[in-house]
Amino acid sequence: MKPCPSCIRLLLRLTLIWHLTLGHAQGRDLVPERWMEDMQAVDGSVQRCLIFRTVPGVNYRVEVSNDLVGWLPEMEIYGLGQEIAAPLVEFMPPPPTESPEPGPPVSSIFVSLTMQPSSHGSGGTVVSWRSLDSGVAVVSRIPEQLNANWLSVPLFAQRHDEYQLFVMHRPLAISPPTQNPPLGFRDTAMLAKLQERFADMNDAVTEMENRARLAPFPAPVSPTSRRFLRIHADWGVDSDEDGTPDWMEHEAAADPSHPDHDLGDAFNADVDQDGQEDDQQKDFDKDGILNPEDASSEDMLVNWERSPSARYAVFDLVDLPELPAGDKVPLHVTDDGKVLFKTGVWSYGSFKNLIRVGPRLVDAKAFAMGASGRILGSARVDFDDDEYAESGSIVYWDNFRAEPRIVEIDMGNMGIVHPIASYSLSYGFLDPGTMLDASDRFFCGERWISWLEPLNDPPVPPKPYEQKGEIVNRLWTLPQGNNGPPAKSSALPYATNLISDSVFWGLDSSNEGKLTLKSGQVTWVADHASRRVSVTPSGGYLASYIWPPGAAMTQGGAWKGAGELKDAIEMSRQGWAILNSIPPKIWMNGHTLPFESAAPGLPSNWTRSFDLRDSSPAGNILVYSGQGPDDRYGLAVPIHIEDVEENTGVDSVSITSSQPGSAVAQKHWIMVPSGGENTCVFCSTASSSSETEAGTTLDLLAPNTSFTPPTLWEERQTVKLSAPANLNTSDTTVRFSLAGQEALSKPVGLKIMKKRTVRLTVHKIATIRKDAGGNVISRNPPNVVPTKEALENYLNKIYGPQINATFDVVMNPPQAGAFVDIDWDKATGADFGVPDGDIVPGDAKFQCRTGDDNLSSEETILRGGAYDPGSEINAYLMGGAKINLVSEYQGRLLQKGGNYGYTKGEPQNVVYIDGDTDAFDEFLNRDPAAEQLHTFAHEIGHVLFGAGHPDQGGGQAPLPGTRHSDRLMVSGGGVRRPDHGKLVVKDEWDKAEDWLVQFVDSKIQP
């Protein structure tokens, strides 16, 4: 088959769009299996298609366009390894003499499932899929049996009415869930269709090939028309919300040797049913660190635990003098915020010129600075006392205020020996950050000078001398006392940089100039030359290549390509890396972040054309832009915030998500209560000053906020924040100040929240039933009833520190053991506009109509019997009721049962709570009283924040990629942590504020 010229042009344009829009994730690209193939359609037409195979666990959205401007979604499908045929053009046969009337198009609902035999004694099949209602994993057992032919069919596809089913079959029998979870409307309808056609599928598998191809969607009817495709591949899908993306779980399941093989089920969050999410027990990249703690669970070379995610306060290096072109490039930044130039040091807001002359020396220039504050450099030295300095030598400054001194050892009659600057050192080819270690040691070649016989007596300058011997590499130590001599010892020829006497490296000229690093008894040789080596948090090493650009990391006795850190230049001890990229980027915990996001609020002239030139071990970054007269120099100080106590008004979680939300603005956030205080920990590289050295003390300022203390002088500093009473709610930022100069960026935000009290009335409802004569024949009160004090304490502990709201709980009736008797169980199908059937009076189901505005007949009865208009929230604690949600879907009446709480939000502000013990004993297997308190807090959260759950991709702040089990609004399904998550985040603070303004602030106060 030979494509026509128009198809070739189309293919070229398709290729361009493919590579522009497909994207790249985890080093895996989606590639076509075959570029073009002709396929015969049912109507006799021929479709020329692009064929590609999906990767299991990746979600694909195919979009089409005919002009590269407007794009329409063609389909969305969850990959299970099946082929997809994407038509480009279609050749139509001549139309029949009498064309039949076209029928309505059949819509498609794509469903990907896994099916496995049930190990339960009664048999059946365990079916797992991504919920059509919520997007999270669902696992259910159905009684239908897979026949024996499924053993040879690992992948199956078939269409049944509107459902296009893709089935991955795994032969291993597994335990079914203890009870099937409640299903939403769409899942209920889909599962019913699956069971209805299950026998047909059993019959079909013996005739199906092992590979399934999706039936092509329509293509243009003209060979000359244009059709462009783009395919979005979402590698972040985590159907069971256990923290591991689906593609990882499919990959582990397909590899019997993988340590996570037994837990590799993308649709089951707790495969081994031990009550712990699978992700908490997995080590996907096999580096010895479990996924939740791994800085990158996809890269074996990243074998250290995750660290906090920092944001940067960037300070302009003001007070810089006009420097000569060769001296204006900054060399190095230290942990205490000093920036080294050749002729001076910027420290604590000002530039200090180095003294560049001294006894017998002139024109001294710096090239390295150690942790002790000492500076290493080179100068021209006058050895023959003729007042003309001609010989280059190594000098040092005790600090940036001291005079330079020559490094030399007097050997008496043998002359003197001193270090000499090498070519690489003189021309700046060595990393200044590792030239001088914490013990004031450095590598340099030695040079001997001996004096010749004087030409006259007494001798007068010049004193004749000669240099003798070959230059030999030595390890030098600067004088350790006042005017004490330096010291030297032997060193390997290639050594130029060091961290300690047992860890050093250099470029070995005897081995093609390759990077050679010695760490203890191990020697590592890289394939390329490198200027820098950093220590990773796990004690390994990362090197940045000079050419070709790139990076390598140590593993198993050798250097290897650095994987996702391939562009790293240098790394801090927390594992934060600066990358060689345009625009500049930061790597943290498996995520790459543009520097303008890592330093939020940076002015626009700082977000163009600059370099992240150097990083100190503690994480300070040297920012430099060499743009002629618009040169810019900056010190970026990392900041992150921690709670002193969990869930007390700090949000440092949202920024770690791939979609933090616009309200977060890439900042850490602290809630400051109006009329109260919040205490948290500011973590930075702040350091106190000494008598001779300026530190990096940071002052804290913000409108209407007091800080105690107002200055940071330690790396971890506890700070109390407070705001005056009666302030209205507002968002602001912390202004970090260094030596009176305010930071250009704003890494920390504050939300000052007004103090409120929310009145909550809890109606304790006993369900009663009456006979035809109106006599009570049964009474069923709640089995679990909280006290006013217990409920207030629980709610106030969650909401007080996080949104500055406390609760005044009113119990109706107020007496312990007293209930409101209501005969509410009256609903029939007619109440919902359908014939009587599943919905009948006396079914013990409390039928709620979905949606916030409309009430069902049973809700109306309940509200008529108990309601407190003086409360912002009314809660109904139901005895003898199973809460069911009722809605219509595609002309059918569907119910969702098994809810332990349900909320009607604005304008109703009503909460329904299941008050029966078995609601918590059977499904959650926890303390019923504790479960009920948390259910109250969670459902009230729906009133304040709105509907939806973060683990199901909904709610006010889904925050994909974060640990949802820490959140108050995590759904009740699946596996949760042993204690309840209680975290409320910034987007939820904002939504709660809107609700509080509407329903509390507008209330007439007594």
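These are my notebook entries on a predicted model of one protein chain.

**Entry 1. Overall composition**

I began with the chain as a whole. The secondary structure comes to 11 helices and 62 strands. I then looked up burial, and found that 52% of the 1006 residues count as buried. For contacts between residues at least 6 apart in sequence, I noted that 62% join residues at least 24 apart.

**Entry 2. Helix H4**

I next examined helix H4, residues 246-253. Is this helix enclosed or open to the outside? Of its 8 residues, 7 are buried, so H4 is largely enclosed by the rest of the structure. I listed the buried residues as Asp246, Trp247, Met248, Glu249, His250, Ala252 and Ala253. I also recorded what they pack against: strand E4 (72-78), strand E7 (125-130) and strand E10 (163-169).

**Entry 3. An exposed loop residue**

For contrast in topic, I turned to glutamate 387. I located glutamate 387 in the loop between E19 and strand E20 (391-397). Its relative accessibility is 79%, and because the cut-off for exposed is over 50%, glutamate 387 counts as exposed. I also looked up its separation from leucine 361, which is 26 residues away along the chain. The C-alpha atoms of the two residues are 9.3 Å apart.

**Entry 4. Salt bridges**

I counted 43 salt bridges in the model. I followed three of them individually.

The first pair I followed was arginine 374 with aspartate 440, whose closest N and O atoms are 3.2 Å apart. Arginine 374 sits in the loop between strand E18 (361-369) and strand E19 (375-381), while aspartate 440 sits in the loop between helix H5 (423-426) and strand E24 (441-451). The two residues are 66 apart, and the pair thus links distant parts of the chain. Are these partners buried or exposed? Arginine 374 has 11% relative accessibility and counts as buried; aspartate 440, at 7%, is buried as well. Both values fall under the 20% cut-off for buried.

The second pair was aspartate 1001 with lysine 754, with an N to O distance of 3.8 Å. Aspartate 1001 lies in helix H11 (residues 986-1001), and lysine 754 lies in the loop between strand E52 (748-753) and strand E53 (756-770), so this salt bridge ties together parts that are 247 residues apart in sequence. Aspartate 1001 is partly exposed at 31%, and lysine 754 is partly exposed at 25%.

The third pair was lysine 882 with aspartate 914, where the closest N and O atoms are 3.8 Å apart. Lysine 882 belongs to strand E59 (residues 882-889) and aspartate 914 to strand E62 (residues 910-914), 32 residues apart. I noted that lysine 882 is partly exposed at 31%, whereas aspartate 914 is buried at 1%.

I also recorded a network: salt bridges with shared partners join Arg374, Asp398, Arg405 and Asp440.

**Entry 5. Nonpolar cores**

I then looked for nonpolar cores. In soluble globular proteins, nonpolar side chains tend to be buried together. The largest core here has 39 residues. Which of them touch the most other members? I found Leu760, Val762, Tyr799, Ile803, Phe807, Ile873 and Trp995. Several elements give two or more residues to this core, including strand E43 (668-673), helix H7 (788-803), strand E55 (805-812), strand E58 (873-878) and H11. Helix H10 (928-945) is also among them, and H10 gives the most, with 7 residues.

A second, separate core has 38 residues, including Leu622, Ile639, Cys680 and Leu712.

I looked more closely at tryptophan 995. Leaving aside neighbours within four places in sequence, tryptophan 995 is in contact with Val758, Glu872, Ile873, Glu906, Asn909, Val943, Leu944 and Val1000.

**Entry 6. Helices H10 and H11**

My last entry concerns the packing of two helices. How are H10 and H11 placed relative to each other? Their axes are 7 Å apart, at an angle of about 75°. That angle makes H10 roughly perpendicular to H11, because the range from 65 to 115 degrees carries that description.

I listed the residues that meet. From H10 they are Val943, Leu944 and Phe945; from H11 they are Glu988, Lys991, Ala992 and Trp995. By class, I noted 5 nonpolar, no polar and 2 charged residues in this contact.

Terms used. Residues numbered from 1 in each chain as written. Predicted model: local features only at pLDDT ≥ 70, side-chain atom pairs only at ≥ 80, totals over all residues. Heavy atoms only, no water. Salt bridge = Lys/Arg side-chain N within 4 Å of Asp/Glu carboxyl O. Helix = DSSP H or I, 4+ residues; strand = E, 2+ residues; numbered from the N terminus. Buried < 20%, exposed > 50% of the residue type's maximum accessible area, 1.4 Å probe, protein only. Core = buried A, V, L, I, M, F, W, Y, C linked by side-chain atoms within 4.5 Å. Contact = heavy atoms within 4.5 Å. Axes fitted to C-alpha atoms, helices over the stretch in contact; angles between N-to-C directions. Parallel < 35°, antiparallel > 145°, perpendicular 65-115°, else oblique. Nonpolar A, V, L, I, M, F, W, Y, C, P; charged D, E, K, R; others polar.
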